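User: Please take a close look at the lining of the enclosed space in this model. Then work outward from it, and tell me what sits in the surrounding framework.

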Amino acid sequence: MLSLTDMAVEVLTTADGREKTALSHRHAATWFAARAAGEEIPIGTAQPPLRPARPEKPELLDPREVPRRRPGSPQGRIALLHAVAHIELNAVDLHWDIIARFPHVPFPPGFYDDWVKAADEESKHFNLICDCLESLGSHYGALPAHAGMWRAAEDTVNDIWGRLAVVPMVLEARGLDVTPGMIEVFRKAGIDNVVEAMEVIYAEEVGHVAYGSKWFHFLCGRENRDPKPAFHALVQQYFHGALKPPFNEEKRAEAGLPPDFYWPLAGES
Ligand SMILES: [Fe+2]
Ligand SMILES: [Fe+2]
């Protein structure tokens with residue numbers, strides 16, 4: 001029987017996006033079927049690669065070299081969707097990576113339930129956005145994409161505290177801030193299938209931020225650390241730059257992220 005970390009490594013080492021997400025979905029279904037039946041899938045100790053496998057396309061460029069397009073134009077909308085697809089694909093790997101990377105840190109089974117569910121949802125998000133791209137005559141891989149997306153994972157490869165602070169509680173929380181504006185772009189253009197896909201993503205991302213906050217607070221409670229200063233110190237250590245207002249205070253609150261966690265780290269808007 002494959003351990004959960006074996007499953008994670010299989011996903012991480014699969015390059016093609018559609019294949020990776022299909023495998024991710026199958027492994028999530030296996031995990032939850034076993035949990036429902038009261039059977040135990042071992043967590044194991046598989047060795048994840050430092051970086052996940054990636055398809056030949058898109059070409060990965062330094063963020064400063066990725067061409068900018070006007071968001072109001074059809075080409076700009078395709079570029080925006082392409083960037084979202086790239087983020088979703090990285091998110092699939094980020095959630096499997098947190099499972100595979102830290103098996104030496106003991107957690108209750110609910111920790112794995114949460115990240116397997118999040119990985120499964122990211123897999124759905126990737127496919128939804130790929131379908132949208134294809135409905136507009138493009139596809140994932142048609143444009144260059146940011147090379148820096150895996151940096152937070154590499155920076156926190158030895159630090160579960162830093163990983164939780166930076167990936168779900170900073171990067172995914174940022175997604176909550178910017179998604180309503182993206183939905184508006186597609187609503188104005190009357191592209192309903194994209195609006196629907198992004199609304200699914202927006203609703204589910206609140207959960208991923210909440211998992212981050214939940215397990216960060218769990219670690220703090222277990223080691224008797226004060227969560228707020230611990231979070232501030234970790235973000236300053238691992239995140240490059242200030243957090244960008246305006247913040248989506250409503251959705252951040254729903255996700256268990258109080259204002260005194262992020263406002264002190266904010267730069268100029
Ligand atoms: Fe997502
Ligand atoms: Fe997410």
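Analyst: One definition comes first. Helices and strands here are DSSP runs, with at least four residues for a helix and at least two for a strand, numbered from the N terminus. The model is predicted.

Start with the enclosed space. The whole structure holds 1 cavity of 30 Å³ or more. The volume of the largest cavity is about 50 Å³. Its lining consists of Leu94, His95, Ile98, Trp115, Arg163, Val167 and Pro168. Helices H3 and H6 each give at least two residues to that lining. By class, the lining holds 5 nonpolar residues, 1 polar and 1 charged.

Now follow H6 to the metal. Helix H6 covers residues 160-188 and carries Glu172. Glu172 is a donor to the iron ion (ligand 2). The other protein atoms around this ion come from Glu122 (OE), Glu205 (OE, listed twice) and His208 (ND1), and the distances run from 1.9 to 2.7 Å. Along the chain these donors are spaced E-x49-E-x32-E-x2-H. Because Glu172 sits in H6 and His208 in helix H7 (residues 192-223), the pair ties together parts that are 36 residues apart in sequence.

How accessible are these two donors? Glu172 is buried at 10% relative accessible area, and His208 is buried at 0%. Both values count as buried because the limit is under 20%.

The neighbouring ion comes next. Glu122 bridges the iron ion (ligand 1) and the iron ion (ligand 2), and 3.8 Å separates the ions. The protein donors of the iron ion (ligand 1) are Glu88 (OE), Glu122 (OE), His125 (ND1) and Glu205 (OE), at 1.9 to 2.3 Å. Their spacing in sequence is E-x33-E-x2-H-x79-E. The 4 donor atoms make angles of 87 to 164°, and the site is irregular. A tetrahedral label is ruled out because it would need all angles between 85 and 135 degrees.

What does this site join within the chain? His125 lies in helix H4 and Glu205 in helix H7, so the pair ties together parts that are 80 residues apart in sequence. His125 is buried, with 0% relative accessible area. Glu205 is buried too, at 10%. Glu205 also appears among the donors of the iron ion (ligand 2).

Go back to H3, the other helix named in the cavity lining. Helix H3 spans residues 74-101 and contains Asp93. The side chain of Asp93 forms a salt bridge with that of Arg54, at 2.8 Å from N to O. Arg54 is in the loop between H2 and strand E1 (60-61), so this contact ties together parts that are 39 residues apart in sequence. The partners differ in accessibility: Asp93 is buried at 0%, whereas Arg54 is partly exposed at 22%.

Arg54 leads to an open space. The second largest pocket encloses about 150 Å³. Among the 13 residues lining this pocket, Arg51, Arg54, Leu60, Ala147 and Trp150 are the closest to its centre. H3 and helix H5 (151-155) are the elements that give two or more residues to the lining. H3 therefore contributes to the linings of both spaces, the cavity and the pocket. The pocket lining divides into 5 nonpolar, 4 polar and 4 charged residues.

Finally, the wider set of charged contacts. The count of salt bridges comes to 18. One of them pairs Glu134 with Arg18, at 3.1 Å from N to O. This contact links distant parts of the chain, since Glu134 is in helix H4 (residues 109-135) and Arg18 is in helix H2 (residues 17-36), 116 residues apart. Glu134 is partly exposed at 42% relative accessibility. Arg18 is partly exposed as well, with 32%.

A local contact makes a useful contrast. Lys251 and Glu254 meet in a salt bridge at 3.3 Å, N to O. They are 3 residues apart in helix H9 (residues 249-254), so about one helical turn separates them. Lys251 counts as buried, at 18%. Shared partners also build a network: salt bridges join Arg18, Asp131 and Glu134 into one.

Methods
Residues are numbered from 1 along each chain as its sequence is written. Chains are lettered from A and ligands numbered from 1 in the order in which they are written. This is a predicted model: local features need pLDDT of at least 70, side-chain atom pairs count only at pLDDT 80 or more; totals for chains, interfaces and linings use all residues. Side-chain values use heavy atoms; hydrogens and water are left out. Donors are N, O and S atoms within 2.8 Å of the metal (3.2 Å for Na, K and Ca); water is not among the atoms, so sites may look incomplete. Buried means under 20% relative accessible area, exposed over 50%, partly exposed in between (1.4 Å probe, protein chains only). A salt bridge is a side-chain nitrogen of Lys or Arg within 4 Å of a carboxyl oxygen of Asp or Glu. On a 1 Å grid over the protein atoms alone, a cavity is a set of points where a 1.4 Å probe fits but cannot get out, and a pocket is an open set with protein on both sides within 12 Å along at least five of seven lines; lining residues have an atom within 4 Å of a point. Grid points are joined across faces, edges and corners, and a volume is the space filled by probe spheres set on the points. Ala, Val, Leu, Ile, Met, Phe, Trp, Tyr, Cys and Pro count as nonpolar, Asp, Glu, Lys and Arg as charged, and the others, Gly among them, as polar. Four donors count as tetrahedral if all angles lie between 85 and 135 degrees; four count as square planar and six as octahedral if opposite donors are over 155 degrees apart and all others between 65 and 115; anything else is irregular.
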